[in-house]
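Trainee: Could you walk me through this one before I open it in the viewer?
Mentor: Sure, pull it up and ask away.

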Amino acid sequence: MRKLLSLGQSRQIRPLDRAFFNRDPRRVARELLGKVLVRKRDSGQMNPARRVARIVEVEAYMGAEDPAAHAAAGNTARTAVLFGPPGHAYVYFIYGNHYCLNVSCQPEGRAGSVLIRALEPLSGIEAMAGARGIEIHGAKDLTKLTSGPGRLAQAFGITRARDNGCDLSSGAGSLWIGEDEYRASGIRRTPRIGITKATDKALRYMLAGNAFVSGRKMVG
DNA sequence: TTATGGATTAGCT
DNA sequence: GCTAATCCATAAA
């Protein structure tokens with residue numbers, strides 16, 4: 001049986017600064033692989049432990065020139081965060097059931113974002129399972145926690161009401177993105193998943209061979 | 001005011 | 001592999 005926690009434990013985590021996100025979404029997407037998403041200890045939860053998981057799959061979405069991007073509809077109440085300052089959470093509700101998490105990129109006034117599609121849990125696994133409403137009976141069940149954009153949002157308690165528009169840089173908020181000693185390798189690109197427009201563009205980025213990548217994986 | 005469709009998931013065949 | 005579930009934001013009227 002292959003080891004699932006291939007990306008190791010996370011030690012000290014330092015927040016990414018706003019400048020990290022103030023770039024082309026394709027660059028931000030690639031560099032987000034291997035970084036970690038952190039949900040601070042939440043005393044309101046049944047299991048309040050801090051949740052940490054490594055980013056293993058993302059997709060880049062551009063501005064008006066990308067017909068698959070929500071930003072292509074223009075700056076509306078829904079998409080305002082995409083046009084705001086970089087490093088902020090764009091959370092949307094989809095298919096009547098699921099929330100998805102993006103990070104805004106580019107300077108204020110220019111749209112662009114990165115969709116977080118899959119994570120590898122590092123700590124707070126019981127809290128994630130509790131938020132998902134499932135039980136973990138073995139290593140094989142771990143992928144049910146954070147493999148897929150809707151699943152990871154639920155595992156981290158991410159909702160539009162709670163997190164849309166919040167700052168993910170600086171580490172000041174409840175939800176933030178940071179880095180530790182890990183350095184990503186084996187990055188692959190494929191077309192994006194689940195969209196009907198601009199399906200030819202290879203804007204999905206993943207860590208090759210990682211068991212937590214959603215949908216079709218790529219072998220290392 | 002109403003109609004439409006979607007950056008998904010779980011469960012079943 | 002196939003499909004129902006489910007509801008918000010948008011656009012049309």
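Here is the conversation that followed.

Trainee: What kind of model is this, and what confidence do local features need?
Mentor: Residues are numbered from 1 along each chain as its sequence is written, chains are lettered from A and ligands numbered from 1 in the order in which they are written, and side-chain values use heavy atoms, leaving out hydrogens and water. This is a predicted model, where totals for chains, interfaces and linings use all residues, side-chain atom pairs count only at pLDDT 80 or more, and local features need pLDDT of at least 70.

Trainee: How many helices and strands are there in chain A?
Mentor: Helices (H or I, at least four residues) and strands (E, at least two) are DSSP runs, numbered from the N terminus. On that basis, chain A has 7 helices and 9 strands.

Trainee: Why does the radius of gyration of chain A agree with a compact globule?
Mentor: The radius is taken over C-alpha atoms, and the globule rule is 2.2 Å times the number of residues to the power 0.38. Those C-alpha atoms fill a box of roughly 45 × 40 × 35 Å along the principal axes. The two values agree because a compact globule of 220 residues would come out near 17 Å, and chain A has 16 Å.

Trainee: What percentage of the residues in chain A is buried?
Mentor: Buried means under 20% relative accessible area, exposed over 50%, and partly exposed in between (1.4 Å probe, protein chains only). Of the 220 residues in chain A, the buried share is 50%.

Trainee: Which residues come nearest to DNA strand B?
Mentor: A residue is near a strand if one of its heavy atoms lies within 4 Å of it. There are 19 residues around DNA strand B, and those that come nearest are Tyr 92, His 98, Asn 102, Arg 132 and Arg 151. Sugar and phosphate account for 50% of the strand B atoms that come within 4 Å of the protein. So much for the setting; the names you asked for are Tyr 92, His 98, Asn 102, Arg 132 and Arg 151.

Trainee: Which residue has a polar side-chain atom 2.9 Å from a base nitrogen of DNA strand B?
Mentor: Polar contacts here are pairs of N or O atoms within 3.5 Å; within protein, one must be able to donate a hydrogen and the other to accept it, and residues adjacent in sequence count only if both atoms are side-chain atoms. Phosphate oxygens of DNA strand B lie 2.9 Å from a polar side-chain atom of His 70 and 3.1 Å from an N or O atom in the side chain of Arg 117. The base nitrogen is instead paired with Tyr 92.

Trainee: Which element gives the most to the surface near DNA strand B?
Mentor: By class, that surface has 9 nonpolar, 7 polar and 3 charged residues. Here Ala, Val, Leu, Ile, Met, Phe, Trp, Tyr, Cys and Pro count as nonpolar, Asp, Glu, Lys and Arg as charged, and the others, Gly among them, as polar. With 3 residues, the element that gives the most is H6.

Trainee: Which residue puts a polar side-chain atom 3.3 Å from a base oxygen of DNA strand C?
Mentor: The residues around DNA strand C are Thr 76, Arg 78, Phe 93, Tyr 95, Gly 96, Asn 97 and Arg 160. Sugar and phosphate make up 75% of the strand C atoms within 4 Å of the protein. Polar backbone atoms take part too, with Arg 78 at 3.1 Å from a phosphate oxygen and Gly 96 at 3.3 Å from a sugar or linking oxygen. The base oxygen is the partner of Asn 97.

Trainee: Where is Asp 66, and which side chain does its own side chain join at 2.8 Å?
Mentor: Asp 66 is in the loop between S3 and helix H3 (80-83), and it counts as buried because its relative accessible area is 1%. A polar atom of the Asp 66 side chain lies 3.0 Å from the backbone nitrogen of Met 62. The side-chain partner at 2.8 Å is Arg 192.

Trainee: Which side chain is joined to Asp 180 by a polar contact of 3.0 Å?
Mentor: Asp 180 sits in the loop between strand S7 (175-179) and strand S8 (187-190). Its relative accessible area is 5%, so Asp 180 is buried. The 3.0 Å contact joins its side chain to that of Arg 54.
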